[in-house]
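I opened a fresh page for this one and went through it strand by strand. These are my notes, kept short for a colleague at the bench.

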Amino acid sequence: RTRIVLGPTGLTVKSGPIPWPSFTRERRDIVAFDVHRGSNRNRGSCSVRVFGPDQRAKRILGTLGEEEANYLASELNDALRESTP
């Protein structure tokens, strides 16, 4: 199970119940989210990435179907726009 929280202060991604390193990024270091498709185009080969001001991408969630990844990236981008001062 993975929990993704995007709020006014930033982004937190936590996975469990198996301990997995969590990921955090401050709000000022988030520009956008996108979907990256794996080279084999098979189901489960998409991931959602976050971009910083330097345009470097960091994968926050992977092994998703294309529809799931597109939905998640869209919802995160909407929430990002809503929380922008």
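My entries below cover the sheets, the helix, the core and the pocket.

**Entry 1: what kind of model**

I am working from a predicted model. I kept that in mind for everything below.

**Entry 2: the sheet of β1, β2 and β3**

I began at the N-terminal end. I found an open sheet of three strands in the order β1-β2-β3, and the pairing is antiparallel. Which strands are at the edges? They are β1 (2–7) and β3 (23–26), each of which pairs on one side only. I looked up the twist too: neighbouring strands here are turned by 5° against each other on average, direction ignored.

Next I took the β1 and β2 pair by itself. These two strands run antiparallel and share six bridges. A hairpin of two residues leads from β1 to β2. I noted two cross-strand partners: Gly7 is bridged to Gly10 in β2, and Arg3 sits opposite Lys14 in β2.

**Entry 3: the sheet of β4, β5 and β6**

I then moved on to another open sheet of three strands, ordered β4-β5-β6 and again antiparallel. Here β4 and β6 are the edge strands with a single partner strand each, so one side of each has no neighbour in the sheet. From one strand to the next, the twist averages 25°.

I counted the links between β4 and β5 as well: six bridges join them, and they run antiparallel. One facing pair I wrote down is Ala32 with Phe51 in β5.

As a reminder to myself, strands of a sheet pair through backbone hydrogen bonds, either parallel or antiparallel.

**Entry 4: Ser47**

I stopped at Ser47, which is in strand β5. Is Ser47 buried or exposed? Its relative accessible area is 8%, so I count Ser47 as buried. Not counting residues up to four places away in sequence, Ser47 touches Asp34, Val35, His36, Arg59, Leu61 and Gly62.

**Entry 5: the helix**

Where does α1 lie? I see α1 across β4, β5 and β6, running at about 170° to β4. I picked two of the helix residues for a closer look.

Asn77 lies in α1. Its relative accessibility is 15%, and since buried means under 20%, Asn77 counts as buried. Leaving aside neighbours within four places in sequence, Asn77 is in contact with Ala32 and Phe33.

Leu80 is also placed in α1. At a relative accessible area of 4%, Leu80 is buried. Beyond residues up to four places away in sequence, Leu80 touches Leu6, Arg27, Ile30, Val31, Ala32 and Phe33. I also checked Leu80 against Gly7: they are 73 residues apart in sequence, but their C-alpha atoms are 7.9 Å apart in space.

**Entry 6: the nonpolar core**

Then I went to the largest nonpolar core, which has 17 residues. Which members touch the most others? I listed Leu6, Leu11, Ile30, Phe33, Val48, Val50 and Ile60. The elements giving two or more residues to this core are β2 (10–15), β4 (32–37), β5 (46–51), β6 (57–64) and α1 (66–83). Of these, α1 gives the most, with four residues.

In soluble globular proteins, nonpolar side chains tend to be buried together.

I followed Phe33 through its contacts. Leaving aside neighbours within four places in sequence, Phe33 is in contact with Leu6, Leu11, Arg49, Val50, Ile60, Ala73, Leu76, Asn77 and Leu80. Asn77 and Leu80, both from my helix entry, are among these contacts.

**Entry 7: the largest pocket**

Last, I looked at the largest pocket, with a volume of about 290 Å³. Which of its 13 lining residues are closest to the centre? They are Ser15, Trp20, Arg59, Ile60 and Leu61. The elements that give two or more residues to this lining are β2 and β6. β6 gives the most, with six residues.

I cross-checked three of these names against my earlier entries. Ile60 is also one of the core residues that touch the most other members. Arg59 and Leu61 both appear among the contacts of Ser47.

Notes. Residues numbered from 1 in each chain as written. Predicted model: local features only at pLDDT ≥ 70, side-chain atom pairs only at ≥ 80, totals over all residues. Heavy atoms only, no water. Core = buried A, V, L, I, M, F, W, Y, C linked by side-chain atoms within 4.5 Å. Buried < 20%, exposed > 50% of the residue type's maximum accessible area, 1.4 Å probe, protein only. Contact = heavy atoms within 4.5 Å. Pairing = 2+ DSSP bridges. Axes fitted to C-alpha atoms, helices over the stretch in contact; angles between N-to-C directions. 1 Å grid on protein atoms, 1.4 Å probe; cavity = no way out; pocket = protein on both sides within 12 Å on 5 of 7 lines; lining within 4 Å. Points joined across faces, edges and corners; volume = space filled by probe spheres on them.
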